[in-house]
Amino acid sequence: MAHQQEQLDATAVENFREYLRIPSVHPNINYDDCVKFLEKQAKSLDLPIKVYHVDPKKPIVVLTWKGTDPSLPTILLNSHMDVVPVFADHWTYAPFSAHMNEQGNIYARGSQDMKCVGIQYLEAIRRIKLQGEKLKRTIHISFVPEEEVGGVLGMKEFVHTKDFKELNVGFALDEGVANPTENYYMFYGERSIWQVEVHCPGNPGHGSMLLDNTPGEKVRIIIDKFMDFRAKQKARLAELKLNLGNVTSINLTKINGGVQANVIPNNITVMFDCRIDPDTDHEEFETMLKSWCKEAGEGVHFTYHEKNPFIPNTKLDNDNQFWLAFKKSCDRQNINLETGIFPGGTDSRFIRSLGIPAIGFSPMNKTKILLHDHDEYLNKDVFLNGIKIYMDIIPSVANI
């Protein structure tokens with residue numbers, strides 16, 4: 001039995017490292033090697049696999065383990081295949097080498113975000129099947145593209161297709177984030193992403209003049225308004241000891257304009273990344289933005305690069321049987337959950353938009369948060385422990 005466990009652990013770690021070595025990195029990702037890898041995993045698990053497309057170059061891979069009562073709403077275990085760019089010269093080891101050091105830390109882009117979770121799902125199911133256990137509800141394990149660029153041509157479009165509807169999803173698990181303490185983070189909602197570009201047109205002219213109605217004067221007012229609001233939210237975060245997901249964040253991310261040093265431009269644009277907390281009214285927030293533009297001067301207006309609608313949180317109450325089963329499993333395993341609103345954006349928001357309950361959870365504790373950072377790594381033992389955690393959680397939610 002001990003030998004079988006060692007073999008299972010070795011297989012899991014090797015599969016994880018093999019998946020990490022596939023450089024599915026933005027921009028212009030070729031997902032072919034990911035699909036081949038997942039086809040190999042499906043064969044080893046004796047599970048059917050389907051590849052869907054909302055775009056010919058963006059495969060959505062779904063492995064399915066049929067339940068004993070396939071008429072029931074199914075469980076979706078979602079993860080994404082894509083990873084963010086790297087600055088390789090800032091890494092101790094090559095970012096797609098999946099190097100494992102003496103401490104068992106596996107270094108690679110995607111080790112935390114979120115190739116670990118996709119493999120943990122598969123390896124948990126491998127072990128559950130080996131035990132001869134059968135689950136009541138059908139399980140779909142999905143591997144989607146393009147999450148790191150807003151889910152466009154991935155889950156964002158897929159949830160509106162006939163193919164997704166036929167999966168009959170009743171509950172979904174998706175990514176969370178590492179927790180540096182003994183506890184685990186779990187998320188039941190997300191902030192709405194608004195990427196707002198403010199356009200400040202005005203009178204062009206010679207750089208030596210003191211003209212009226214210049215773009216620079218308007219930009220100053222706009223930046224002050226956004227940054228003053230940001231400062232208030234930052235102060236609120238500290239004073240009330242809230243989590244980041246419970247306040248609205250604003251960051252200035254781009255400034256464009258001008259042709260040369262001695263020419264006043266006819267337009268300057270500024271981009272702000274806004275993450276709106278679930279308690280903020282979207283209409284009121286938009287009205288506030290319009291009032292700032294009006295105050296800044298003639299012609300100032302904004303356009304959206306992204307504008308997420310308001311999506312209700314997944315309710316953690318006695319009416320949500322999946323949450324109750326998830327929590328019972330965590331209690332059984334002495335897992336202490338820190339629940340909250342996810343500060344970033346994940347594919348869960350598209351699933352929740354259909355009214356399907358979704359929980360964000362990555363079983364990584366005692367781990368520094370390194371998603372999108374240099375030297376991203378996950379310890380082998382933390383990774384393997386996550387498989388054990390899913391071995392209890394998956395049957396718990398599937399056997400309701």
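## Cores, strands and salt bridges

In this predicted model, the largest nonpolar core has 64 residues, and those with the most contacts inside it are I139, I141, F326, F361 and F383. The largest share of this core, 11 residues, is supplied by helix α10. A general tendency is worth keeping in mind here: in soluble globular proteins, nonpolar side chains tend to be buried together. Looking at one of these core residues in detail, and leaving aside residues up to four places away in sequence, F383 touches A12, V13, F16, C116, I119, Q120 and L378. Apart from the largest core lies another one, of 21 residues, and V196, F226, F285 and V300 are among them.

Helix α10, which covers residues 380–398, also leads to a sheet, since the helix lies across β4, β5 and β17 and runs at about 70° to β17. These strands make up an open sheet of three strands in the order β4-β5-β17, and their pairing is antiparallel. The edges of this sheet are formed by β4 (99–100) and β17 (377–379), each of which pairs on one side only. Strand β5, made of residues 105–107, is joined to β17 by three bridges, with the two strands running antiparallel. To find a place where they meet, the reader can look for Y107, which stands opposite Y377 in β17.

Another group of paired strands can be followed by starting from β9, which spans residues 192–201 and is mostly covered, with eight of its 10 residues buried. Strand β9 is joined by 10 bridges to strand β13 (residues 267–276), and the two run antiparallel; within this pairing, Q195 has D273 as its bridge partner in β13. Strand β9 also pairs with β14, again in the antiparallel sense, over six bridges, and here the bridge partner of V198 in β14 is F302.

From β14 the path continues to charged side chains. In general, side chains of opposite charge can pair when their charged atoms come close. A search of the whole structure finds 15 salt bridges, and three of these contacts are described here in turn.

In one salt bridge the side chains of K307 and E286 meet, at 3.0 Å from N to O. Because K307 lies in strand β14 (residues 301–307) and E286 in helix α7 (residues 282–296), the pair ties together parts that are 21 residues apart in sequence. How exposed or buried are the two partners? With a relative accessibility of 40%, K307 counts as partly exposed, whereas E286, at 18%, falls under the 20% limit and therefore counts as buried.

Strand β14 takes part in another such contact, in which the side chains of E306 and R349 meet in a salt bridge at 3.4 Å, N to O. This pair links distant parts of the chain, with E306 in strand β14 and R349 in helix α9 (residues 348–352), 43 residues apart. Both E306 and R349 are buried.

A further salt bridge brings the reader back to helix α10, for R332 pairs with D392, and their closest N and O atoms are 2.6 Å apart. Since R332 lies in helix α8 (residues 321–332) and D392 in helix α10, this pair ties together parts that are 60 residues apart in sequence. With a relative accessible area of 48%, R332 is partly exposed. Helix α10 thus appears in several parts of this account: the helix gives the largest share of the largest core, lies across the three strands β4, β5 and β17, and holds D392, the salt-bridge partner of R332.

Definitions and conventions: Residues numbered from 1 in each chain as written. Predicted model: local features only at pLDDT ≥ 70, side-chain atom pairs only at ≥ 80, totals over all residues. Heavy atoms only, no water. Pairing = 2+ DSSP bridges. Helix = DSSP H or I, 4+ residues; strand = E, 2+ residues; numbered from the N terminus. Contact = heavy atoms within 4.5 Å. Axes fitted to C-alpha atoms, helices over the stretch in contact; angles between N-to-C directions. Salt bridge = Lys/Arg side-chain N within 4 Å of Asp/Glu carboxyl O. Buried < 20%, exposed > 50% of the residue type's maximum accessible area, 1.4 Å probe, protein only. Core = buried A, V, L, I, M, F, W, Y, C linked by side-chain atoms within 4.5 Å.
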